[in-house]
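Pull the model up in your viewer and keep the sequence handy. We'll take a walk through it, one region at a time.

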Amino acid sequence: MNNERNKPLIGLQPLVDEKRDSLWMLPGYFNGITEAGGIPVMLPLISDEADIKELVSSFDGFIFTGGHDVAPEVYNMKDETGNVVPCRERDSMEILMLREIMEQDKPLLGICRGLQFINAALGGTLYQDLPMQFPSKVNHRQPAPYDEPIHTVDLLEGNWLNRISGQKQIMVNSCHHQGIKDLAEGLDALAMSYDGLIEAIEMPSKKFLKAVQWHPEFMHKKDDVSKAIFKDFIRAAAD
C-alpha cells in the first residue's frame, strides 16, 4: 500500500449499461469495501496499455465485478447457445488489466463474472448457459431479493474460505447463468456446489488473486462470511 495513505485504494471495474451509454456501480461494492476499511473508486472503461499500466500502479487492489457475459472469443470459442450477451469493451480492458495486475502482483478479488473472466482469460473454459449445458437442481439464478442465500457450497478443507469462515459449508446467494467448465492451469478450486459446479477459485502463486461465484456485495450487511471476504481482501491490499 502507498505509505502516504492510511486506507488502501480499491479500483472497481465499472458496470456497463450500453442502452443508456453509461457506466455505473452497485452501492454494495462501495459499501463492502468502505466498511472493510478501504476506499472504493470506480474505474474508467479504457483499453490503452500504457494508461492501464499507470492505473494499476496507482491502486492498492482491484475488484472485477459482475455484469455482462464473458465473450466466448476470450477462451477461443464461439457462442454455442445464442444466449451469450458480452461487453467486448470490458473484455478488452480486463484482459489487459488482469495481465498488469498479475505482473505487479496487486490483490484482485473477482465476483461472479469476475470469477468467470479470470478463469477464461487464463486458459480455462466456461459453460455459456448453465440451464442448457449444465442442467441442475441447484438454483443458480435466484429471483430478488439477492441478499438472501439460496443454496449451499462446500469449502475444500484448509483453503482460504475455510480459514476465514471457520466452516466447511456455507450458504450463498446465486445469480448467474454462466460458470466454470474447465479450470485454468494455475488456479485452484476452493468451493463447489453440490451439483459439482466450481464456486470459488484462487491462484496460490499470487499475493491475493481470488474469486467467488456468488455475490458478497449483496449479502455483506448480514452475512459474516461475506464481510470476511471483503475484510481479508482489504487486509491484503493494505499490506
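## A walk through the model

Let's start with a glycine: G114 counts as buried, because its relative accessibility is 0%. Bear in mind as we go that this is a predicted model. G114 sits in helix α4, and once you set aside its neighbours within four places in sequence, G114 is in contact with F64 and T65. Another residue to look at from here is D69: 45 residues separate it from G114 in sequence, while the C-alpha to C-alpha distance is 9.9 Å.

Now widen the view to the whole of α4. This helix is mostly covered, with eight of its nine residues buried. The buried ones are R113, G114, L115, Q116, F117, I118, N119 and A120. What about the backbone on either side? Leading in, C112 is found in the loop between β6 and α4, and C112 has a positive phi of about 55° although it is not a glycine. That's worth a second glance, since most residues other than glycine have a negative phi. C112 has a relative accessibility of 7%, so it counts as buried. Going out the other way, α4 is followed by G123, where phi is again positive, near 110°.

Next, the rings. How many aromatic pairs does a search of the whole structure find? There are six. One of them brings us back to α4: F64 and F117 make an edge-to-face pair, with 6.1 Å from centre to centre and 70° between the planes. Since F64 belongs to strand β5 and F117 to helix α4, this pair ties together parts that are 53 residues apart in sequence. Both F64 and F117 are buried.

Compare that with Y146 and F218. Their ring centres are 5.4 Å apart and the planes sit at 40°, so this pair is tilted. Y146 comes from the loop between α5 and β8 and F218 from helix α7, so here the pair ties together parts that are 72 residues apart in sequence. As for accessibility, Y146 counts as partly exposed because its relative value is 32%, and F218 counts as partly exposed because its value is 29%. While you're in the loop between α5 and β8, find P145, which has its place there too. The peptide bond from A144 to P145 is cis, with omega near 5°, whereas most peptide bonds are trans. There is also an aromatic cluster to pick out, formed by W160, F208 and F233.

On to α3, residues 88-104. Does its length come out as expected or not? With 17 residues at 1.5 Å a residue, α3 should span 24 Å, and its end C-alpha atoms are 24 Å apart, so the two agree. The expected figure counts one less than the number of residues, which is why 17 residues lead to that span. Buried residues in α3 are R90, D91, M93, E94, L96, M97, L98, E100, I101 and M102. What covers them includes β2, α2, β5, β6, α4 and β13, so you meet α4 again, this time as part of the cover. After α3 comes D105, found in the loop between α3 and β6. D105 has a phi near 55°, a positive value in a residue other than glycine. Its relative accessibility is 30%, so D105 counts as partly exposed.

Helix α8, residues 224-238, is where you'll find F230. F230 has a relative accessible area of 1%, so it is buried. Not counting residues up to four places away in sequence, F230 touches G32, I33, A36, I63, P216, E217 and H220. Check E35 as well: F230 and E35 are 195 residues apart in sequence, yet 8.5 Å apart in space, C-alpha to C-alpha.

Last stop, the largest pocket, which holds about 590 Å³ of space. Its lining has 24 residues, and G66, G67, H68, R141 and C175 are the ones that lie nearest the centre. Elements that each supply at least two lining residues are β2, α4 and α7, and β2 gives the most, with three residues. By type, the lining divides into ten nonpolar, nine polar and five charged residues. Helix α4, where we began with G114, is thus a handy landmark to keep selected while you look around the pocket, as one of the elements in its lining.

Notes:
Residues are numbered from 1 along each chain as its sequence is written. This is a predicted model: local features need pLDDT of at least 70, side-chain atom pairs count only at pLDDT 80 or more; totals for chains, interfaces and linings use all residues. Side-chain values use heavy atoms; hydrogens and water are left out. On a 1 Å grid over the protein atoms alone, a cavity is a set of points where a 1.4 Å probe fits but cannot get out, and a pocket is an open set with protein on both sides within 12 Å along at least five of seven lines; lining residues have an atom within 4 Å of a point. Grid points are joined across faces, edges and corners, and a volume is the space filled by probe spheres set on the points. Helices (H or I, at least four residues) and strands (E, at least two) are DSSP runs, numbered from the N terminus. Ala, Val, Leu, Ile, Met, Phe, Trp, Tyr, Cys and Pro count as nonpolar, Asp, Glu, Lys and Arg as charged, and the others, Gly among them, as polar. Buried means under 20% relative accessible area, exposed over 50%, partly exposed in between (1.4 Å probe, protein chains only). Contact means heavy atoms within 4.5 Å. Rings of Phe, Tyr and Trp (its six-membered ring) pair if their centres lie within 6.5 Å; planes under 30 degrees apart count as stacked, over 60 as edge-to-face and the rest as tilted.
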